[in-house]
Amino acid sequence: MKKSILYIAASLGLLFSQSCSDFLETEPFDKLVPSSFFATEVDLELYTNSFYQQMLPSADAATQGDGMADYSSITQSSNFISGNYSSVNEGAWNWSNLRNINYFLANYNNEAIPEEARNHYAGIARFFRAWFYMEKVQRYGNVPWYDAPLATDDEALYKTQDPREVVMQHVLEDLNFAAENIREAKDNTSSTITRQVALAYKSRIALYEGTYRKYHTELDLASTAEQWLTEAANAAKMVMDAGIYSLYNTGNPTTDYRTLFVSENAVNQEVMFALVFNNALRRWHALTWKFNSATYGSRWGLNKQFINTYLMTDGSRFTDKTGYDELLFVDEMANRDNRLAQTVRSLGYKRSDGSAAPPNFGYTFTGYHLLKWSMDDKRLDGLGEAYNTIPMMRYAEVLLNCAEAKAELGEFDETVWAQTIGLLRQRAGVNTAAPQTADPYLQEVYFPEIADKYLLEIRRERGIELCYENLRYQDLMRWKKGKLVEMPWKGIYVPAMDRPLDLDGNGTPDVSFVSKTPDAPQAGVTYFVIDGNISKLTEGTSGHVIWGANEARSFDDKKYLYPISNSDIVLNPDLVQNPGW
């Protein structure tokens, strides 16, 4: 714990920093102090505004966490997946944000402020406390629960972890309070926590915890999974029934999905909560640069196994096509779910100046070059001035949370399908008919333990709709499917070495796979060197590109949780190390 109370009052840029020893002396006239603060509703707003600045992720963290997931290829796996990770590698955990929240909750309740306002801001604080603890539980499992600001000599600082079920019950209580007391009014900037945002987040967390308990039977909490799944379904349904949000759907399935991720202003019909960026205010990020750079980013790409899960626009399964796995890129991209061409560079994609922009093997290793977060202006490929707002919570996710919770509860039918998955596919220009049979490809490659045809489709839809929105890795964790990260990083099909391929369908060659770069390279062609070590073709001189072939990616059961840092255990020997570490 820090030895000081520290928070940044973001809306005024004021600093409140008061050491414990200062409280024994005269209060300074040039700082905010407890006796003169928490006096008005404005003070409560000022304090809670600081949580947004302190606790929300960066644009990078909000979009690139899925680089550890099963459907991603990157320059190199994290040390956690392919290295010798240990408690020495794990950084010390930090509790300062929690202390700031608990300090507010210990001091906000001034009866001179209207009760409704007090409850509203307490709801925001408790929302952020749930946010804080959810991140801790996802990483470490059992953690100490604190609901009061502690002095530096408080013995509770050195207690052991509280059980997961105790901590998560408190998280649920915080989210219930938030959903009952935060104001309802919609924020059209999508930048603040409202009642609907609290409900949406509750549906996310309750679904996570319910499925985690169901599939992680080693916790001996499976008997309580249904309670959490019911909470998830009910919270999602409350958002749906409120009618404040809906899917953004102008009737143009070739652009509507991507509009959500490249717009400067949040598309507030669907986007409930977002990291807001603004060109006029020079509030920028560097995502376009990172996703379109050979050096600045990690050369993210999707893997062929995942690309295969995108349906045809008529609703049929791509993997039911004869020879689907050996189609050339231009053929496999045709007539697919329109979200595919809005997630990766595909046929006919052009930059804002009208120039052709096929998948660039200088920026991706598999050929499935991520497009979703990139703006079309080439100037931003080498400049950190992108200004597209980053959605963190969308109505689409609420529909998926409802669908999955209902399926896990055995309450899913074609009516729920029409209210959830059907709407998402309609927006994407895909036939909305419910499945007649379970998909054998999804069972063979991803989920052999799942026989429910609806649940398979929900998991397909979740992967596609929420691709690279920082949820996939945690989905794998809660489904107990961590072994999927060992999947080979498989790319496009290459019929032969030294044969230039057209990747965007305009009739000109874009890439050639070679053993070495030719002395006289052809203009406009990227030469991808197959070195036989880190990069291979599955059939030697033909087949699918395999990147990271030299890596030994490994995921065993201990990796569902991170180790408690060695430095934390040294400070507090009563902490119990997570199993296997």
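In this predicted model, the count of cavities of 30 Å³ or more comes to 3. The largest cavity has a volume of about 60 Å³. Its walls are formed by G67, M68, A69, S72, I74, S77, S78 and I81, together with V485, W489 and R553. By class, the lining of the largest cavity consists of 6 nonpolar, 4 polar and 1 charged residues.

The second largest cavity also comes with a volume of about 60 Å³. Around the second largest cavity lie F306, T309, L442, Y446, F447, R459, R460, G463 and R472. Which element gives the most to the lining of the second largest cavity? That is helix 17, spanning residues 453-465, with 3 residues. The lining of the second largest cavity divides into 4 nonpolar, 2 polar and 3 charged residues.

Helix 17 also has a packing partner in helix 13 (residues 395-408): the two helices pack at an angle of about 160°, with their axes 10 Å apart. Helix 13 and helix 17 are therefore roughly antiparallel to each other, and their crossing is left-handed. On the side of helix 13, the contact is made by A396, E397, L400, N401, A403, E404, A407 and E408, and on the side of helix 17 by L455, I458, R459, E461, R462 and E465. Sorted by class, this contact of helix 13 with helix 17 holds 6 nonpolar, 1 polar and 7 charged residues. R459 of helix 17 appears in this contact and also in the lining of the second largest cavity.

Attention can now turn from cavities to pockets. The largest pocket holds about 1,200 Å³ of space. It is lined by 42 residues, and the closest to its centre are A61, E135, Q138, N470 and Q474. Several elements give two or more residues to this lining: helix 1 (41-55), helix 2 (59-64), helix 4 (96-107), helix 5 (115-140), helix 7 (195-215), strand 6 (390-394) and helix 18 (472-478). Of what classes are the residues of the lining of the largest pocket? They divide into 24 nonpolar, 8 polar and 10 charged. Helix 5 gives the most to the lining of the largest pocket, with 8 residues.

Helix 5 leads on to a further pair of packed helices. Helix 5 and helix 6 have axes 8 Å apart and pack at an angle of about 150°. An angle over 145 degrees counts as roughly antiparallel, which means that helix 5 is roughly antiparallel to helix 6. The crossing of these two helices is left-handed. Helix 5 takes part in the contact through N119, H120, A122, G123, R126, F127, R129, A130, Y133, M134 and V137, which meet R164, V167, M168, V171, E173, D174, L175, F177, A178 and N181 in helix 6. The residues of this contact of helix 5 with helix 6 comprise 12 nonpolar, 4 polar and 5 charged.

Helix 6 (residues 164-181) has a further partner in helix 7: the axes of the two come within 8 Å and cross at roughly 160°. That angle makes helix 6 roughly antiparallel to helix 7. Helix 6 passes helix 7 in a left-handed crossing. In helix 6, the residues that take part are R164, E165, M168, V171, L172, L175, N176, A178, A179, E180 and N181, and in helix 7 they meet R195, A198, L199, Y201, K202, I205, Y208, E209, Y212 and R213. This contact of helix 6 with helix 7 divides into 12 nonpolar, 2 polar and 7 charged residues. Residues of helix 6 including R164, M168, V171, L175, A178 and N181 meet helix 7 and also meet helix 5. Helix 6 thus packs with helix 5 and with helix 7, while helix 5 and helix 7 each give two or more residues to the lining of the largest pocket.

Methods: Residues are numbered from 1 along each chain as its sequence is written. This is a predicted model: local features need pLDDT of at least 70, side-chain atom pairs count only at pLDDT 80 or more; totals for chains, interfaces and linings use all residues. Side-chain values use heavy atoms; hydrogens and water are left out. On a 1 Å grid over the protein atoms alone, a cavity is a set of points where a 1.4 Å probe fits but cannot get out, and a pocket is an open set with protein on both sides within 12 Å along at least five of seven lines; lining residues have an atom within 4 Å of a point. Grid points are joined across faces, edges and corners, and a volume is the space filled by probe spheres set on the points. Helices (H or I, at least four residues) and strands (E, at least two) are DSSP runs, numbered from the N terminus. Ala, Val, Leu, Ile, Met, Phe, Trp, Tyr, Cys and Pro count as nonpolar, Asp, Glu, Lys and Arg as charged, and the others, Gly among them, as polar. Axes are lines fitted to C-alpha atoms, for helices over the stretch in contact, and angles run from 0 to 180 degrees between N-to-C directions. Angles under 35 degrees count as roughly parallel, over 145 as roughly antiparallel, 65 to 115 as roughly perpendicular and the rest as oblique. A crossing is left-handed if the near helix is turned anticlockwise from the far one by less than a right angle, and right-handed if clockwise. Contact means heavy atoms within 4.5 Å.
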